[in-house]
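User: I should like a close look at a single helix of this protein and at the residue that comes directly after it. Please set out the surroundings of that helix in one connected account.

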Amino acid sequence: MDDRARIKALEEKISALRTSNKWFREILDAITEGIEVVDQDGVVTYVNASFYRILDEPAGERLGKNIFEVSPNGALVEALRTGKPSIAKLHTTLNHKKTVLSNAAPIIGAEGQLAGAISVF
């Protein structure tokens with residue numbers, strides 16, 4: 001396979017991944033429960049629309065923030081620290097506007113390492 005064919009094949013794979021990613025985010029945004037995802041360092045990488053609606057936060061407010069700072073006693077922090085699910089954790093937001101009951105689970109990477117965590121409430 002020559003370089004042009006390899007490049008074309010890679011471009012097609014990238015396009016398929018982008019389409020899949022967009023479709024997956026649309027599904028998550030359609031869910032009525034709040035969803036928040038962090039990477040292994042606790043950086044918020046995804047928050048669905050219901051998260052912002054339920055917590056009455058401006059859209060985009062959480063992205064890029066560190067969960068250890070914005071929600072130090074929440075279920076996501078517990079899942080990251082222990083590497084185990086956190087079930088039915090009652091948590092009041094830092095602004096004390098809302099209290100939610102959260103479930104969080106670690107996300108384990110392909111090689112068995114902690115890759116992050118996801119929380120649903």
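Which residue follows H4, and is its phi positive or negative?

Analyst: H4 is followed by Gly83, and the phi of this glycine is positive, near 75 degrees. The model is predicted, so local features are reported only at a pLDDT of at least 70 and side-chain atom pairs only at pLDDT 80 or more, whereas totals for chains, interfaces and linings use all residues. Residues are numbered from 1 along each chain as its sequence is written, and side-chain values use heavy atoms, with hydrogens and water left out.

The setting of the helix comes first. The protein chain has four helices and five strands, where helices (H or I, at least four residues) and strands (E, at least two) are DSSP runs numbered from the N terminus. Read from the N terminus, the order of elements is α-β-β-α-α-α-β-β-β. The chain is more spread out than a compact globule, because its radius of gyration is 17 Å, well over the 14 Å that the globule rule gives for 121 residues. That radius is taken over C-alpha atoms, and the rule is 2.2 Å times the number of residues to the power 0.38. Along the principal axes, the C-alpha atoms fill a box of roughly 60 × 30 × 20 Å.

H4 itself spans residues 75–82. Its buried residues are Ala75, Leu76, Val77, Ala79 and Leu80. Here buried means under 20% relative accessible area, exposed means over 50%, and partly exposed lies in between, with a 1.4 Å probe and protein chains only. Over the 121 residues of the chain, 32% count as buried. The buried residues of H4 pack against strand E1 (35–39), H3, strand E3 (86–92), E4 and strand E5 (114–120); such a contact means heavy atoms within 4.5 Å.

The helix also takes part in the largest nonpolar core, which has 17 residues, and Val38, Phe51, Ile67, Leu76 and Ala117 touch the most other members. A nonpolar core is a set of buried Ala, Val, Leu, Ile, Met, Phe, Trp, Tyr and Cys residues joined through side-chain atoms within 4.5 Å. At least two core residues come from each of strand E2 (44–47), helix H2 (49–55), helix H3 (67–70), H4 and strand E4 (99–108). H4 supplies the largest share, five residues. In soluble globular proteins, nonpolar side chains tend to be buried together.

Val38 shows how H4 residues meet other parts of the chain. Leaving out residues up to four places away in sequence, Val38 touches Val43, Val44, Thr45, Ile67, Leu76, Leu80, Ala115, Gly116 and Ala117. Leu76 and Leu80, which are among these partners, also belong to the buried residues of H4.

Ile35 lies in strand E1, one of the elements against which the buried residues of H4 pack. At 4% relative accessibility, Ile35 counts as buried. With neighbours up to four places away set aside, its partners are Leu28, Tyr46, Val47, Asn48, Phe51, Ile118, Ser119 and Val120. The C-alpha atoms of Ile35 and Ser50 are 15 residues apart along the chain and separated by 7.3 Å.

Beyond Gly83, the residue that follows H4, Pro85 is found in the loop between H4 and E3. Its contacts, again without residues up to four places away in sequence, are Ala104, Ala105 and Pro106. Pro85 and Ile118 are 33 residues apart in sequence, and their C-alpha atoms are 9.5 Å apart in space.

Two residues other than glycine also have a positive phi. Ala88, with phi near 55 degrees, lies in strand E3 and counts as partly exposed at 46% relative accessibility. Asp56, with phi likewise near 55 degrees, is placed in the loop between H2 and H3. Glu57 is found in that loop as well; with a relative accessible area of 15%, Glu57 is buried. Apart from neighbours within four places in sequence, Glu57 is in contact with Phe51, Tyr52 and Arg62. Of these partners, Phe51 is named among the core residues that touch the most other members.
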